[in-house]
Amino acid sequence: MNLALFIARRLSLAAGGRRSSPAVRVATVAVALSVAVMMASIAVVQGFKKEITDRVIGFNSHISIYAERMSDRDDNVITLTPTLRAVLDEQPDIATYSLQAMAPAVLKTPDDFKGVYLKSLADPAMSTFIGAHIDEGTLPDFTDPANNNKTVISRIVARQLGLSTGDHIDTYFITDDVRVRRLEIAAIFNTHFDSYDNVLIYGSLPLLQQVGALDSTQGTSLQVTLHDFTQVQPATTGLRESLLHALADGRLYRHYRVDNAVNQGAGYFRWLSLLDTNVIVIIVLMTVVACVTLVSGMLIIILDKKSFIGLMKALGCPDRKLRAIFIYLTLRVSLTGMAAGTLLMGVLLWIQHAAHLIPLDPESYYIDYVPVSINWPEILILNIATFIIAALVLLVPSSFVARISPTETMSR
């Protein structure tokens, strides 16, 4: 049996007739707050990462394939040939892919006009993303030919042109010649990503193929969805190499450019990397606060238990055992604080995740609420790391036990 642990589990933390000394309460609260703040910082940053990444992917897809223009005679039209399909089907990381089309257009009202890009909403993942951010109306099924002359515009575009669902808008497509279509606004979306919302509207793939004089196997890009987005960089490299090999073997007749959402949204991901630095700073500061408070609490506990220390030394207890007793005793305070902080912040984060009670300015943060993502394995690692650091830090103040003489304490 571990004698030091046995005694520490039964030794009271009370002092002066109280249930616990003020120092113990302060240390417990400090540890609880430190763990809670660290949990909140990790959850919020992870939430921001998830939301921003989902938005960047929603607009760009995991990987995009474009037909490379090698000369002025080439066009940017990509044809989904059987050979290209075979190359894509050989890639183990690819889950799905779909043909996409995009064309510049001008939306014209009697009083105003605006230049945008009309993009086909053919990819299921992109349709799900836009559908999740519909503010007004209903997202049409663009696989139905009856919806070919319908469109989905952003809240920014609707506000600038004074449009709402059910309105019709004259749309001028800028191709080799100007072509006009009168489109019905079926829905209005709002992702708070102004750089995308300000220039993108959505419609059917057949409409864009008709406007661009393309057949059913042609578009301006291929949108690729992976099984695991975290593997996007190696998957992009592998796909690029496979396309180059197929070109060198003569199976493909033209060069293709491969890009991914990480490169297309590089500015957003750089901003998220800065948030990681902030989290590290917060974790370090909160760990320091918790450790300093625990050290102070241990020293006060040692002073409160001088008589106990003197008695144990008189009974022959070695200093090593006494130091272990007070380390265990202080770690008991640490565990209580960590449990309280984890439970309290876990409840608050769950409420914020479910109800979005804390708002944000979407013009500054791209999101109108504070996003949180609770990763319990990370929280468990955080608590374990905090506990281990606290145990190591407490080795130094525990040495004060050796300086207490049993003669001084027993004579009082």
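A pocket is an open set of points on a 1 Å grid over the protein atoms alone, where a 1.4 Å probe fits and protein lies on both sides within 12 Å along at least five of seven lines. Grid points are joined across faces, edges and corners, and a volume is the space filled by probe spheres set on the points. The largest pocket holds about 790 Å³ of space.

This is a predicted model, in which local features need pLDDT of at least 70, side-chain atom pairs count only at pLDDT 80 or more, and totals for chains, interfaces and linings use all residues. Residues are numbered from 1 along each chain as its sequence is written, and side-chain values use heavy atoms, with hydrogens and water left out.

**The largest pocket**

- Lining residues have an atom within 4 Å of a grid point.
- The largest pocket has 34 of them, and N76, M102, A103, P104 and T220 are the closest to its centre.
- Six elements give two or more residues to this lining: α2 (22–60), β1 (63–67), β4 (102–108), β5 (113–120), α7 (205–211) and β12 (221–226).
- These labels come from DSSP runs, numbered from the N terminus: helices are H or I with at least four residues, and strands are E with at least two.
- The lining of the largest pocket counts 17 nonpolar, ten polar and seven charged residues.
- Here Ala, Val, Leu, Ile, Met, Phe, Trp, Tyr, Cys and Pro are nonpolar, Asp, Glu, Lys and Arg are charged, and the others, Gly among them, are polar.

**The second largest pocket**

- The second largest pocket has a volume of about 290 Å³.
- It is lined by 18 residues, and D54, I57, G58, A125 and F129 are the closest to its centre.
- Two or more lining residues come from each of α2, α4 (124–131) and β12.
- Helix α2 gives the most, with six residues.
- By class, the lining of the second largest pocket has seven nonpolar, six polar and five charged residues.

**Helix α14**

- Helix α14 covers residues 376–393, which makes 18 residues.
- Its expected span is 26 Å at 1.5 Å a residue, and its end C-alpha atoms are 26 Å apart, so the two agree.
- The expected span is 1.5 Å times one less than the number of residues.
- Buried means under 20% relative accessible area, exposed means over 50%, and partly exposed lies in between (1.4 Å probe, protein chains only).
- The buried residues of α14 are I379, L382, N383, T386 and A390.
- Seen down the axis of α14, they fall within an arc of 95°, so they line one face of the helix.
- That arc is taken from the directions from the helix axis to the C-beta atoms.
- The face turned away from the buried side carries the exposed residues P377, L380, I381 and L392.
- Among the elements that cover the buried residues of α14 are α2, α10 (266–304) and α12 (319–355).

**Helices α12 and α10**

- Helix α12 has 37 residues and reaches 54 Å from its first C-alpha to its last, close to the 54 Å expected at 1.5 Å a residue.
- I327 sits in helix α12.
- I327 is buried, with a relative accessible area of 12%.
- Contact means heavy atoms within 4.5 Å.
- Leaving aside neighbours within four places in sequence, I327 is in contact with M298, L394, L395 and S398.
- I327 and P234 are 93 residues apart along the chain, and their C-alpha atoms are separated by 48 Å.
- R270 belongs to helix α10.
- R270 counts as exposed, at 56% relative accessibility.
- R270 and M286 lie 16 residues apart in sequence and 25 Å apart in space, C-alpha to C-alpha.

**Positive phi angles and loops**

- Most residues other than glycine have a negative phi.
- H192 has a positive phi of about 70°, although it is not a glycine.
- H192 is in the loop between β9 (178–189) and α6 (194–197).
- At 17% relative accessibility, H192 counts as buried.
- Y366 also has a positive phi of about 70° and is not a glycine.
- Y366 lies in the loop between α13 (362–365) and α14.
- Y366 is partly exposed, with a relative accessible area of 24%.
- H356, just after α12, takes a positive phi of about 55°.
- H133 lies in the loop between α4 and β6 (134–137).
- At 16% relative accessibility, H133 counts as buried.
- Not counting residues up to four places away in sequence, H133 touches R55, I188, F189, N190 and T191.
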